[in-house]
Amino acid sequence: MTQHQRLLIIDFGSQVTQLIARRLRELNVYCEIHPFNNVTPAFLTEFAPMAVILSGGPASVIDEGSPRPPAEVFDMGVPVLGICYGQQVMMHMLGGVVERGTGTAEFGRAYVTPDDKTLSLLEGWFKDDREQVWMSHGDHVSQIAPGFQVFGTSPNAPFAITADPSRRFYAVQFHPEVHHTPNGAALYANFVREAGFTGDWTMGAYREQAIAAIRAQVGDGKVICALSGGVDSSVAAVLIHEAIGEQLTCVYVDHGLMRENESEEVVSMFREHYNLPLIHADESELFLGKLDGQSDPETKRKIIGGLFIDVFERKAKEIGGADFLAQGTLYPDVIESVSFSGGPSVTIKSHHNVGGLPEKMGMQLVEPLRELFKDEVRALGRELGLPDSFIGRHPFPGPGLAIRCPGEITREKLDILRKADAVYIDQIRKHGLYDEIWQAFVAILPVRTVGVMGDGRTYDFACALRAVTSVDGMTADYYPFSHEFLGETATRIINEVRGINRVTYDITSKPPGTIEWE
Ligand code: XMP
């Protein structure tokens, strides 16, 4: 466990719990999210948080069996902040009354006015005598718990902000973590200051700690790492290399589904610039051969995932085996989400990673990024000296261009796709839009359309441009390019890329679409 000052977020299943962690990490406070049912009194003692936050959630405290934190949370002498459901559960457990909403539900924007401005939690608030907040609740507190006092009110929440300052218990009905509570970050800053956090969670400190932890875990064992050229695996590899040097071997598997010049750039950067021991496995014949004639998205994904494991295993044997497998797993992949339905979620896509390998090969995992969010990984990458142009790269999926080529994959289509993608990304960079966009790419469509160029008829492929904004890839909006940009880009692609005579722009958000086409 980290040696930093720690804050515990007890999760009751709100859609926005991860945002609480984001806000805190931005304040250089280390926090972890744990589902309420895993937080036992013994866990609390071991975790020893300096403060606790009770998240929102979909349940009603009035319902039998609805989730609770252990009562010990309130006996630890540390500050506690309850948000939405967290506020209601706090009131209920400490002697207040919560009532079921009857027509006074409040969803969306609301304004809170102050009853008393002296509360330390509210420093910097109410400059205009009101604050915009984001509400989302059906039930409401009708009587606050003994010792609590009201500090802020909204039209439908007479107890929008309450606190017992002597015990440092704070309860808010709204969500300070979301964008629509513009001054929410100040509330968190005040809360962690009150709890005594000094902001010791910095990437410089993390780097030192992670290196020591990797050395302790690995000893003189051998580590192997699948380097994809993506930010996560690259940062993990450079960090591990710094910790254990030549005990690490990286394998870059080129499946023939990479973008233009990608393999050369990745291999030269890591081998020449970073001096990382790197095996470049050019397996494009193998992958493209097995994909020949396949058009079903899941079949394609499974073929690629399976072959990847075979190749990796073969390469590991060639270097005499390894004791550990390094992976760039991030914190959002680790957080156990609370499921009230209890059922398994539907598989939308079989994501490609090196899962399955550790058991098969008897390896242990080294995952030095398990505690980090994506933007923290980028900050760590900068700390390790990776160039900004590399750190800011858009994500690229494991199955590569295969999932941007709906229908059968042919070398001809891949060549056309690579060229079109390069023109599109060049356009985005020239217009200074690259960093505003989460991910942008071209998909080549499995249809040919008729066109006219010069005096001749053409019968070529159509392609779709995709560009989205997103925070974490879970939801996304299409990027609102100007018509001028789209027109100029379409003209360039059709003029510069032989084989494409029609360009469309994909304006689907996620949901209902997904970011990739397959
Ligand atoms: P979707 O298409 O599911 O993608 O909306 C969400 C994000 O995940 C990336 N993606 C993948 N990344 N292996 C990966 O490493 C995969 O199999 C995979 N499939 C999708 C996608 O590019 C987007 O950033």
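This report describes backbone features of a predicted model, namely cis peptide bonds and positive phi values.

## Cis peptide bonds after β20

In the segment after β20, a strand that spans 500-505, lies P511, and the peptide bond that leads into this proline from K510 is cis, with omega near -15°. P512 also lies in the segment after β20, and the bond that joins P511 to P512 is likewise cis, with omega near 10°.

P511 therefore takes part in both of these bonds, as the residue that follows K510 in one cis bond and as the residue that precedes P512 in the other.

## A positive phi at A48

A48 is found in the loop between the helix α2, which covers 41-47, and the strand β3, which covers 51-54. Although A48 is a residue other than glycine, its phi is positive, with a value near 45°.

The relative accessible area of A48 is 41%, so this residue counts as partly exposed, given that the partly exposed class lies between the buried limit of under 20% and the exposed limit of over 50%.

## A positive phi at C84

C84, which is not a glycine, has a positive phi of about 55°. Its place is in the loop between the strand β4, at 80-83, and the helix α3, at 85-94.

Because its relative accessibility is 5%, C84 counts as buried, the cut-off for that class being under 20%. Of these two residues with positive phi, A48 is thus classed as partly exposed, whereas C84 is classed as buried.

Technical notes. Residues are numbered from 1 along each chain as its sequence is written. This is a predicted model: local features need pLDDT of at least 70, side-chain atom pairs count only at pLDDT 80 or more; totals for chains, interfaces and linings use all residues. Side-chain values use heavy atoms; hydrogens and water are left out. Helices (H or I, at least four residues) and strands (E, at least two) are DSSP runs, numbered from the N terminus. Buried means under 20% relative accessible area, exposed over 50%, partly exposed in between (1.4 Å probe, protein chains only).
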